[in-house]
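I pulled up this model to see how the ligand is held and what two of the helices do around it. Notes below, in the order I looked.

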Amino acid sequence: MPTNSPLRFVIVGGVAAGASAAARARRLSEAASITLLERGPDVSFANCGLPYFIGGEIKQRDALAVQTPQTLKALLALDVRTSTEVTAIDRAAKRVQVRNLSSGTTETLPYDKLLLAPGAVPLRPPLPGIDDPRVFTLRSLGDMDRIKAAAAGASRVAVIGAGFIGLEMAEQFVHLGKQVTLVELTAQVLPPLDQPMTRLVEDELRKHRVDLVLGDSVAAFEAGDALTCRLASGRAVTADLVVLSIGVRPDTVLARDAGLTLGKRGHIHVNGFMQTSDPDIYAAGDAIETEDFVTHEVATVPLGGPANRQGRLVADHIFRPAETKPYPGALGTAIVRVFDAAAGLTGWSEKRLCAAGRGYRTVTVNDNHHAGYFPGAKGILLKLLWDPTDGRVLGAQVSGLAGVDKRLDVIATAITGGLTIDDLAQLELAYAPPFGAAKDIVNLAGFAACNTRDGLVVPIDALPDDPAVQILDVRPPALVQAHPLPRVGAINIPLGALRARLGELDRTRPVVTVCALGKTAYFAARILAQNGFRVSALTGGIRAHFDPRSPAKLPTP
Ligand SMILES: Cc1cc2nc3c(=O)[nH]c(=O)nc-3n(C[C@H](O)[C@H](O)[C@H](O)COP(=O)(O)OP(=O)(O)OC[C@H]3O[C@@H](n4cnc5c(N)ncnc54)[C@H](O)[C@@H]3O)c2cc1C
C-alpha cells in the first residue's frame, strides 16, 4: 500500500529516468516533497523524437515537450527547477549543492532519498578541428534547434557513425534534400547487429543516394568555406554541416566525486533496486551499469525504455519496497527505420556470443511479413540464436520492409519468459491474411531451429570455398538467370526435378543446397539426406547473403 510519508525525494536530471521517477513517486505519495533538478532549460522532452523534428517529419516543436515545468507542477505538484545544476553531493549531511545557471546563485537542498538520472553525453573525441562550430552532436532540444538552423543553409551533410541515431539523422537529412555522406568505422551499418542482417539497410541507404563509407573514420576536420572531414583512409568528405553520432559516455562526474562505486567504464554501479553503493542514493538510465537479462553479467544499455522503467522502479522501491521486484536486467531491444526498411535486435547477437565464448546455435529464415498471397506482402529476414544446452532463446535480429517491430517484440517477450525454440514453434500468434501468416516467421524460426537441433538439416552460413563441395542451386532456371549466384560452377537442378536427376550429383562429395530464401534449400537437403548424400543448406537463402531485394515469393518448384 502506498504510504503518506513526508519524505524528501530529490532527483538530478529531469528527462527520461528522472521524470518517470518523479511522476511515479507522486502517484505513490501525495505527502512527499519531490524536487526535480535539471541542468538544461527543458524537462521530460522526447529525445528520441529529435531527429524527426530536424527532418520535418514532426512538425510541431511543442510535440517534443512531453511535459513542461508548469504542467509537472500543476499535475504532479513537483518542485521543478530548470537551468539548475547539481554540483556536489554531501553524503554525510544528505544534502546536494545546486547552482542556478541563470542567476549564478547557489544553495543546498536536503534529501532523504536522492536519484541520480544524469544521462549520458555524446562522445567528442579530441580530433584536430573538432571544435569547429559546424560539428554538432545531438542530445537536447537546444542541439536540435542548432542543427535544424544550420541545416537550413547546408547542401552537403556528413553524418559520422552509422548506429541508430546516425541512421535516423542520415534518413532525415535526405528528406530535407541534402547530399548525405555517412561514415562508419566498422564494415557495416548498425554495428551491434550481425552481417548480413544489415544488408537491407545498407541497400536502402544507397538506393536513396546516401554516400555510405564503411570501414573508415574521421581523423581530422579542416576548416575552409566548407568543412573537410579528413578520413583515416585519406579520403576527404566535404560538408557544410557534420553530425557526430559515435556513441555516448555516462555523465557520472557527480557520482564519482561523491565516492560512489563506478564500473570499469565509468557507469554508476547499482543493485537490482537501482541503489548505488550508498543505499539512500539511487541511479537510473544511461548513467548506470545494470545486468544483462540473459546472463546476469554487467551490461550498459543507453536506451529510453530501460531508463523509464528504471526510474519508475526507483520510486516503487522508495515508497512501496515490500512489493517491489528487482530490475530483471536489460535485453537491449532496439529498432531503427531507414526509409522503407527497418532493422533491429533483441538479446544477444552472434558476434557478442562469439566474443564471450558462449555456446549457441543459430538459424536465419526468410518469409513475407503477412500471407504471401495477400496484396502488399513484404520480405522479412529473421536470425534466431539459442542455447544448445536447453533450447532457450538468447537473441534475435530482424530486418525487412514491414513487420520488423512485431517480430522483435514477440521474441523479446519470449526471451523474457524464458521460452525455448520448441515454444517459438508452437506460439499461437494473431493471423488473418492482412496481418500475418498461418505459420508466422517466428514459428518458422522455431521450426528451423528445432530441425537443426534434431539433425534434420545442417545449416551453413556461407558458401564454402572448397572446390570439392558441390553447390546445388535449386531455384527455377529463370530465377537463376535473373539473379545468378556470385559463384561459378554451381549446379542448377530445380527442386521439382531433383528426385529424377539425383544421378547428376556425385554421391562421394558433399553438397550445399542454395535457393532464394532458404526454405527450398531445406526441402532439397531433406531429399538428398534421405538419399545418402552429405548435405548442408544455406540458411536464409540468397536474399540474406547476396541480394536483400531478391523476390520475396517462394519459387514454384
Ligand atoms: C537523438 C536521440 C534519439 C534517441 N532515440 C532513441 C530511441 O529511438 N529509442 C530508445 O530506446 N532510446 C533512444 N534514445 C536514447 C534515450 O533517449 C536515452 O536512453 C534516455 O533519454 C536516457 O534517459 P536518462 O534519464 O538516463 O538521461 P536523459 O534523458 O539524457 O536525461 C538526463 C538529464 O540529466 C541532466 N543532468 C545531467 N547532470 C545534471 C546535473 N548535475 N544537474 C542537473 N541536471 C543534470 C541532463 O541535462 C539531462 O537533461 C535516443 C537518444 C537521442 C539523443
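Started with the ligand's oxygen atoms: one of them sits 2.8 Å from a backbone N or O atom of A17. I count a polar contact as a pair of N or O atoms within 3.5 Å. I also found G304, with a backbone N or O atom 2.8 Å from a ligand oxygen. At P118, a polar backbone atom is 3.5 Å from an oxygen atom of the ligand.

Next I checked cover. The ligand alone exposes 990 Å², and the protein buries 88% of that (Shrake-Rupley areas, 1.4 Å probe). I noted α1 (16-28), β4 (84-90) and α8 (304-319) as the elements giving two or more residues to the shell; helices are DSSP H or I runs of at least four residues, strands E runs of at least two, numbered from the N terminus.

Before moving on, a word on the source: this is a predicted model, where local features need pLDDT of at least 70 and side-chain atom pairs pLDDT 80 or more, while totals for chains, interfaces and linings use all residues. Residues are numbered from 1 along each chain as its sequence is written, and side-chain values use heavy atoms, without hydrogens and water.

Then the shell itself. I got 29 residues around the ligand, with A17, E38, R139, D286 and G304 coming nearest (near is a heavy atom within 4 Å).

Last, which residues of α1 meet α8? From α1 I listed A16, A17, S20, A21, R24, A25 and L28, and from α8 A307, N308, G311, R312, A315, D316 and F319 (contact is heavy atoms within 4.5 Å).

Terms used:
Polar contact = N/O pair within 3.5 Å; in protein donor to acceptor, adjacent residues only side chain to side chain.
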